[in-house]
Amino acid sequence: MAEELAEVTEGRKSDATPILPGLGYDDPEEGKNAERAAVSVFGKVSNQALPIRAYLDQTVVPLLLQGLSALVKERPNNPVEFLAAFLLKNDPMKQTKS
């Protein structure tokens with residue numbers, strides 16, 4: 001890395017900021033948009049690539065624990081129906097009507 005930096009900055013003023021090829025964009029807004037696009041694609045791909053336990057821990061377990069906690073407090077006659085209704089009502093992936 002130091003050798004690359006020396007080659008790139010060779011012949012430039014010492015107070016100039018070093019430029020490394022492939023790092024950054026001329027337009028900062030373009031860089032931000034590209035980063036957002038990459039992160040959104042990475043998020044979609046990474047869920048598919050996660051091990052089963054990690055996938056469940058990130059997607060289902062937090063809501064399921066909230067539902068089980070509410071279930072224990074309420075102690076309804078039909079706990080399965082109560083939990084199903086809780087999960088559907090509090091689903092973070094559910095699209096809200098605008």
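**Close-up views of a five-helix chain**

**View 1. I52 sits out in the open.** With a relative accessible area of 68%, I52 counts as exposed, because the cut-off for that word is over 50%. Please keep in mind that this is a predicted model. I52 belongs to helix α3, which covers residues 52–59.

**View 2. Four residues make a nonpolar patch on the surface.** Here I52 is joined by Y55, L56 and V60. Together these side chains form a nonpolar surface patch of about 360 Å².

**View 3. The largest pocket comes into view.** Its volume is about 170 Å³. The lining is made by Y55, T59, V60, L63, L87, D91, P92 and M93. Sorted by class, six of the lining residues are nonpolar, one is polar and one is charged. Y55 and V60 may look familiar from the previous view: they take part in the nonpolar patch and also line this pocket.

**View 4. R75 has a positive phi.** The phi of R75 is about 50 degrees, although R75 is not a glycine. For comparison, most residues other than glycine have a negative phi. R75 lies in the loop that runs between α4 (61–74) and α5 (79–89). Its relative accessible area is 66%, so R75 is exposed.

**View 5. The whole chain, for orientation.** Following the sequence, you will meet the pattern α-α-α-α-α, with five helices and zero strands. The chain has 98 residues, and 8% of them count as buried.

Key: Residues numbered from 1 in each chain as written. Predicted model: local features only at pLDDT ≥ 70, side-chain atom pairs only at ≥ 80, totals over all residues. Heavy atoms only, no water. Helix = DSSP H or I, 4+ residues; strand = E, 2+ residues; numbered from the N terminus. Buried < 20%, exposed > 50% of the residue type's maximum accessible area, 1.4 Å probe, protein only. Patch = residues over 30% accessible without salt bridge, like charges linked within 9 Å, V, L, I, M, F, W, Y side chains within 5 Å. Areas by Shrake-Rupley, 256 points an atom, 1.4 Å probe, with all protein chains shown as cover. 1 Å grid on protein atoms, 1.4 Å probe; cavity = no way out; pocket = protein on both sides within 12 Å on 5 of 7 lines; lining within 4 Å. Points joined across faces, edges and corners; volume = space filled by probe spheres on them. Nonpolar A, V, L, I, M, F, W, Y, C, P; charged D, E, K, R; others polar.
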